[in-house]
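The exercises below are meant for a reader who meets this structure without prior knowledge. Please keep the sequence and the model in view while working through each solution.

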Amino acid sequence: MIAQYTLELRNGLPSLVTEKIHYISEKGYINSETVIQLLNDTLRLNRKAEEHVVMLALNTALDIIGIFPISHGSLNESHCRGREIFQRAFLVGANGMILAHNHPSGHLEPSKEDLARKEELQQLGKLMGIYLHDFLIVSTTGAKSLMDCKSISIHTSAREVTRTALERG
């Protein structure tokens, strides 16, 4: 079970509100493929017509403890700042995070802005003790992990990818 959160103001202060619960039948080794499949299965991130940025908060065991929509932009950009990303990570007690966004164009190559944001979040994460474990680009044509420096072909369900990863052990 993974909660998808949103922030709402209560008495003038940001508060976590559970928006949805995603039931995941199997837990196990987390890698780029399982995260991408989770995002595509639950949020349909690869099918969005405008750019969306999503953060997955991780605990010390690298379990996903929350999914946060961070921003919704236009056809070719979505603005988000480290402040909003880390605020959500702190609110759930995260030790790490994975940031993902889509490219509606279908192109998986990172823009200069993508690379700058990844570097900024890595530096901020080191200072705050909330580490950026991956930075993903997702589209209808596949996905790319900027940490693994590889493209990923999407062709199985999250359950099958997780099961395969567990069997590899």
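**Exercise 1: An enclosed strand**

Strand β6 is largely enclosed by the rest of the structure, because 7 of its 9 residues are buried. Buried means under 20% relative accessible area, exposed over 50%, and partly exposed in between (1.4 Å probe, protein chains only). Helices (H or I, at least four residues) and strands (E, at least two) are DSSP runs, numbered from the N terminus. The model is predicted: local features need pLDDT of at least 70, side-chain atom pairs count only at pLDDT 80 or more, and totals for chains, interfaces and linings use all residues. Residues are numbered from 1 along each chain as its sequence is written, and side-chain values use heavy atoms, with hydrogens and water left out.

Task: Determine which strands pair with β6 and in which sense.

Solution.
- Step 1. Two strands pair if DSSP finds at least two bridges between them.
- Step 2. Strand β6 (residues 131–139) runs parallel to β5, and 7 bridges join the two. In this pairing H101 stands opposite I137, and N102 stands opposite V138.
- Step 3. Strand β7 (residues 142–145) pairs with β6 in the antiparallel sense over 4 bridges. Here L136 stands opposite S145, and a hairpin of 2 residues connects β6 to β7.

**Exercise 2: Strand β5 and its surroundings**

Task: Establish how many residues of β5 are buried and which way they point.

Solution.
- Step 1. Strand β5 covers residues 96–102, and 7 of its 7 residues are buried.
- Step 2. In a regular strand the side chains alternate between the two faces of the sheet.
- Step 3. In β5, G96, I98, A100 and N102 point one way, whereas M97, L99 and H101 point the other way.
- Step 4. Strand β3 (residues 52–58) runs antiparallel to β5, joined to it by 6 bridges; L56 stands opposite I98.
- Step 5. Together with helix α3 (residues 112–128), β5 and β6 make a right-handed β-α-β unit. Right-handed means that, with the strands pointing away from the viewer, the path from the first strand over the helix to the second runs clockwise.

**Exercise 3: The nonpolar cores**

Task: Identify which elements each supply at least two residues of the largest nonpolar core.

Solution.
- Step 1. A nonpolar core is a set of buried Ala, Val, Leu, Ile, Met, Phe, Trp, Tyr and Cys residues joined through side-chain atoms within 4.5 Å.
- Step 2. The largest such core has 20 residues, and those with the most contacts inside it are M55, I70, I85, M97, L99 and L121.
- Step 3. At least two residues come from each of β3, β4 (64–72), α2 (82–91), β5 and β6.
- Step 4. Leaving aside neighbours within four places in sequence, L99 is in contact (heavy atoms within 4.5 Å) with residues including V53, I85, L121 and L136.
- Step 5. Another core, of 17 residues, lies apart from the largest one; among its members are I2, V35, I36 and L58.

**Exercise 4: A glycine in a helix**

Task: Decide whether G125 is buried or exposed.

Solution.
- Step 1. G125 is found in helix α3.
- Step 2. G125 is buried, because its relative accessible area is 0%.
- Step 3. Beyond its neighbours within four places in sequence, G125 is in contact with F86, I130 and Y131.
- Step 4. G82 and G125 are 43 residues apart in sequence and 9.3 Å apart in space, C-alpha to C-alpha.
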